Amino acid sequence: LLEHYEESLILMKELLCWDIDDIVFKIKNVHQKENKKENNQNQERIRQLHLGDWMLYQHFNNSLWNKIHHYGLERMAKDVSELREANEAIHSKCLPTATNISERDRTTC
């Protein structure tokens with residue numbers, strides 16, 4: 001699920017016995033989410049029109065949260081924080097405007 005992307009990566013890391021460096025990613029093409037408030041009637045109407053999609057989403061959202069609880073909420077928060085720090089480090093190291101990136105660092109960006 002996109003809104004829990006980092007948590008999903010942490011679970012995948014654990015399942016595949018990877019290190020945090022194996023799941024670090026560089027964020028590109030991020031768009032700001034519009035803060036649209038739909039009234040309850042419209043939300044319900046949309047949900048009914050896309051009932052199959054909604055049921056599928058709910059299934060995988062529940063499944064993800066069961067796995068997160070099993071992993072441990074405190075542990076997950078710590079690991080997500082570590083992933084965000086690693087992502088920040090890669091972002092600051094790999095900015096396209098940087099002119100002083102070493103050749104070794106270029107290969108990791």
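Leu 16, with a relative accessibility of 41%, counts as partly exposed in this model, which is a predicted one. The residue is found in the loop between α1 and α2, and together with Met 12, Leu 15 and Trp 18 it makes a nonpolar surface patch of about 400 Å². Since helix α1 covers residues 5-15, this patch offers a convenient place from which to begin a walk through the chain.

The overall architecture can be stated briefly. The protein chain contains five helices and zero strands, so that, read from the N terminus on, its elements run α-α-α-α-α. Of its 109 residues, 23% count as buried, and the chain exposes about 9,100 Å², of which carbon and sulfur atoms supply 52%. Among the contacts in the chain with a separation of 6 or more, 62% are accounted for by residues 24 or more positions apart.

Helix α1 is a good element to follow into the interior. Within this helix, residues 5-15, the buried positions are Glu 6, Glu 7, Leu 9, Ile 10, Leu 11 and Lys 13, a list that holds charged residues as well as nonpolar ones. An α-helix has 3.6 residues a turn, so residues three or four places apart point the same way. In the list for α1, Glu 6 and Ile 10 stand four places apart, as do Glu 7 and Leu 11. The buried residues of α1 pack against α3, which spans 51-71, and against α4, the latter being the helix of residues 73-93.

The pairing of α1 with α4 also involves charged side chains. Side chains of opposite charge can pair when their charged atoms come close. Arg 84 and Glu 6 meet through their side chains in a salt bridge, at 2.8 Å from N to O; because Arg 84 lies in helix α4 and Glu 6 in helix α1, this pair ties together parts that are 78 residues apart in sequence. The two partners differ in their surroundings, for Arg 84 is partly exposed, with a relative accessible area of 46%, whereas Glu 6, at 16% relative accessibility, counts as buried.

A second bridge links these two helices, with the side chains of Glu 14 and Arg 75 meeting at 3.1 Å, N to O. Here Glu 14 lies in helix α1 and Arg 75 in helix α4, so the pair ties together parts that are 61 residues apart in sequence. Both of these residues are partly exposed, Glu 14 at 37% relative accessibility and Arg 75 with a relative accessible area of 36%.

Four salt bridges are counted in the model, and another of them joins the side chains of Lys 78 and Asp 79 at 3.2 Å, N to O. In this pair Lys 78 counts as exposed, at 51% relative accessibility, while Asp 79 is buried, with a relative accessible area of 7%.

Returning to the end of α1, the backbone deserves attention. Most residues other than glycine have a negative phi, and most peptide bonds are trans. Just after α1, however, Cys 17 takes a positive phi of about 55 degrees, although it is not a glycine. Cys 17 is placed in the loop between α1 and α2, the latter helix covering 40-49, and it is exposed, with a relative accessible area of 70%.

The loop that holds Cys 17 also holds Asp 21, which is exposed, with a relative accessible area of 62%. Although Asp 21 and Ala 86 are 65 residues apart in sequence, their C-alpha atoms are 7.5 Å apart in space. Asp 21 belongs, moreover, to a negative surface patch that is formed by Asp 19, Asp 21, Asp 22, Glu 82 and Glu 85. One of these members, Glu 82, has its place in helix α4, residues 73-93, and counts as partly exposed, at 35% relative accessibility. The patch thus brings together Asp 21 from the loop between α1 and α2 and Glu 82 from helix α4, the helix whose Arg 84 and Arg 75 reach Glu 6 and Glu 14 in α1.

Methods. Residues are numbered from 1 along each chain as its sequence is written. This is a predicted model: local features need pLDDT of at least 70, side-chain atom pairs count only at pLDDT 80 or more; totals for chains, interfaces and linings use all residues. Side-chain values use heavy atoms; hydrogens and water are left out. Patches are made of residues with over 30% relative accessible area and no salt bridge: like charges are joined within 9 Å, nonpolar side chains (Val, Leu, Ile, Met, Phe, Trp, Tyr) within 5 Å. Accessible areas come from the Shrake-Rupley method with a 1.4 Å probe; for residues, only the protein chains shown count as cover. Lys and Arg count as positive and Asp and Glu as negative; His and the chain ends are not counted. The place of a charge is taken as NZ of Lys, CZ of Arg, CG of Asp or CD of Glu. Helices (H or I, at least four residues) and strands (E, at least two) are DSSP runs, numbered from the N terminus. Buried means under 20% relative accessible area, exposed over 50%, partly exposed in between (1.4 Å probe, protein chains only). Contact means heavy atoms within 4.5 Å.
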